[in-house]
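Work through two short exercises on the structure shown here. Try each task before reading its solution.

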Amino acid sequence: MNGATRSAGRPMRLATILAAGAIAAMTAAACGGQKPAIEYSIWGDPSELQSQQAIVDVFKKANPDIDVKVTVSDWSTYWDKLQTGLAGGAAPDVFAMDGPLFPDYQARDVLLDLKPYIDKDGYDVSKLVDLAVKDFTTADGGQYGLPRDLNSVVLYYNKAMFDEAGVAYPDDTWTWEDLVAAGKKLTKDKDGDKTIDQWGLYTETTDMENYWSSLVWQNGGDVLAPDGKTTLLDSAEAKGGLQFLQDLIYREKIMPEPALFAETGDAFEQGQAAMEANGSWLVPTLLNAGIDLGIAPLPAGAAGKVTSLNPTGAVVYKKSKNPEAAWKFVKFLTSPEAQQMLMQLKAALPIDKSVLAGPYASSFDGAQVFADSIAYGHLKPSFKGYDKFTTTLQAELDTNVFNAPNKTAAEAIDAVVGELNAILAQQ
Amino acid sequence: MARRRGGPLAAEVRWAWLFLAPTIIGLALLSAGPILATLGISFTRWDLLTAPEFVGFDNFRELLGDHRFMSALRNTVLFTVLSIPLDMALALFLALSLNRAIRGIAWIRTSYFLPLVTSATAISLVWAWIYAPNGILNSIIGFVGVPPQRWITDPFWAVPAIVFMTVWQGVGISTIIFLAGLQAVPEELYDAADVDGAGRWARLRYVTLPLLTPSLFFTGILGLIGAFQVFDQVYVLARPGNPTEATITLVYFIYENGFRFFRMGYASAASWILFVIVGVLTLIYFRLQRRWVHYQ
């Protein structure tokens, strides 16, 4: 999962910046000339830490007067630690921010508005993917962070399984019907024991980003109204998108019910599914699994081709003692140099347009599909109360729609829409 | 016995306080303060990051109308009611079976204790495999023609499935406590019972069980407090999603609101409800001990 932001910012006055700088300088002097140290906190696995650490090392070489320490946690520990750190007034100077959660943090006034720094340095944000930058912008023009990388959802496929079944590879002309037709040919009981051992399609149903928000959009629906005050999931189009996912499992039977792989993990990665709708973060895992991997855009629905985009941002703690150094570091994270290092991991798309169109698009087979997806992608919904909204929504969808077909998507949404709107109204 | 100033007893009391001091100081500083603070916080709307706002009893009122909280409460109570008797009955049976001198008894006893020194997370992972739709449990019941069940996601089976796993893990500690209790029963009492013509059942009913009541009491209280705090198991079993209303427990509800939904005040209110429930039940349990617990 990943993050992006929107924020309401107050321009920091130059005097404040100067004063902060002076205090930092005096503190440094008092401590016997220690160089400013900033802590950069991220969530991720060891390979992501390694990649970010390599970027930090280059930064430190270029800025010998700034020390950067990287700390890493798993996803859930990360947010626990961050919140306690923020509550105690001792949060990391720079930290990773998931797009959808940004408004909840920004609204609570713990993030530094980078707009004054951007203006002062004449930093050109238009060289970054616009949608991703927008995720960390507030209505009043504040910029409370910059995107560090970007995730996009695609259709992965196992070429060997397609060849064996004599089915043509997915391409950018595919629609939902093509997906179902191919999925049926690829769903097989190979040893005749009446249990399926090769599924047509696999995805995760517990978060909208993995697949279902894209289905809602592809069907012409949306998750939230443009003003963010109500949910639009109760439209026929949105319900149709959710219903399609339930149908893939229980009617078309080309997808395993979620509980089947809840413990063993990704069926596609294990060679038990021919296709998977999921995010860019899986590329290194799938390549390591030795799958003959193909990458195609998500099949189009009635309203055309849409996918989900979600940037991870780098934000600065408002009470950071070294905001100048923190800003310098954030700026470096978005630089072509750092972005080219990041893209080697293949786990996310770079957010620098020149890197995206140039070295990234040809960096591995299928990278072009990711690069192209930005043109037709929608931002993952990002709003205050996101976690409560999605927990309430997923509890209903998981229990009654995806984990077991107790209700149709329409019935489930009707049951929960009042509560969802109440959550949005509370924010 | 009358207390003599400066006598050996007073010295013992001083030593007792000295040995207790680390625990008491630790509790006072690290637990009592935060516990009282949460009482204050429970009357506020507080997101951890901005200033709290006093809201009176709003949090408590809202909790009573919150169906996710009610599910958490129901699941937790059901978990407690099912797990404690099952744990104690099974532990008693095991302790009675293991309380004999046979070859390799130490190994057998150890094996029952092993799950206890394994992390709850690791155990939950293994059980998640057992409970999976294509897991061992469904294969076994498949042999006798029972259709596969959704052990974790079906609201009917979810809590019993977690109870069974938890009892399997925790039964070792109760067994060890019962074994210690059994071995403290004086042999003369059994001899006397034999003389009175007591059979096996009578020996159990009139000698063993009464003398085991302190152990039963002790494991009961530990079980009660532990059961109300069940967390790890649901956290792991619910992956990759969050617990649904079939599996959410009170402590998960508190965690979720405090650390996910920016509602520390609400979470504190829920934790006070939990505290009061556990407190009242413990008090009742202690009151009742006079009726059935025999100390030698």
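Two exercises follow, one on a strand and one on a chain contact, both on a predicted model.

**Exercise 1. Place strand β8 of chain A in its surroundings, and find its strand partners.**

Solution.

Step 1: check burial. β8(A) spans residues 307-316, and 10 of its 10 residues are buried.

Step 2: sort the directions. In a regular strand, side chains alternate between the two faces of the sheet. Thr307(A), Leu309(A), Pro311(A), Gly313(A) and Val315(A) point one way from β8(A). Ser308(A), Asn310(A), Thr312(A), Ala314(A) and Val316(A) point the other way. Both sets are buried.

Step 3: list the antiparallel pairings. β3 (residues 94-98) of chain A joins β8(A) over 5 bridges, antiparallel. Here Ala314(A) is the bridge partner of Ala96(A). β4 (residues 146-158) of chain A also runs antiparallel to β8(A), with 6 bridges. Across that pairing, Gly313(A) is opposite Pro147(A).

Step 4: add the parallel pairing. β9 (residues 377-379) of chain A pairs with β8(A) through 3 bridges in the parallel sense. Gly377(A) in β9(A) is the bridge partner of Thr307(A).

**Exercise 2. Describe the side of chain A that touches chain B: which elements contribute, and what classes of residue does it have?**

Solution.

Step 1: count the contacts. Chain A brings 25 residues into contact with 24 residues of chain B.

Step 2: name the elements. Two or more residues each come from α3 (75-87) and α16 (386-402) of chain A. α16(A) gives the most, with 7 residues.

Step 3: split by class. This side of chain A has 10 charged, 9 nonpolar and 6 polar residues.

Methods: Residues numbered from 1 in each chain as written. Chains lettered and ligands numbered in written order. Predicted model: local features only at pLDDT ≥ 70, side-chain atom pairs only at ≥ 80, totals over all residues. Contact = placed C-beta atoms within 7 Å. Helix = DSSP H or I, 4+ residues; strand = E, 2+ residues; numbered from the N terminus. Nonpolar A, V, L, I, M, F, W, Y, C, P; charged D, E, K, R; others polar. Buried ≥ 20, exposed ≤ 12 C-beta atoms within 10 Å, placed from the backbone. Pairing = 2+ DSSP bridges.
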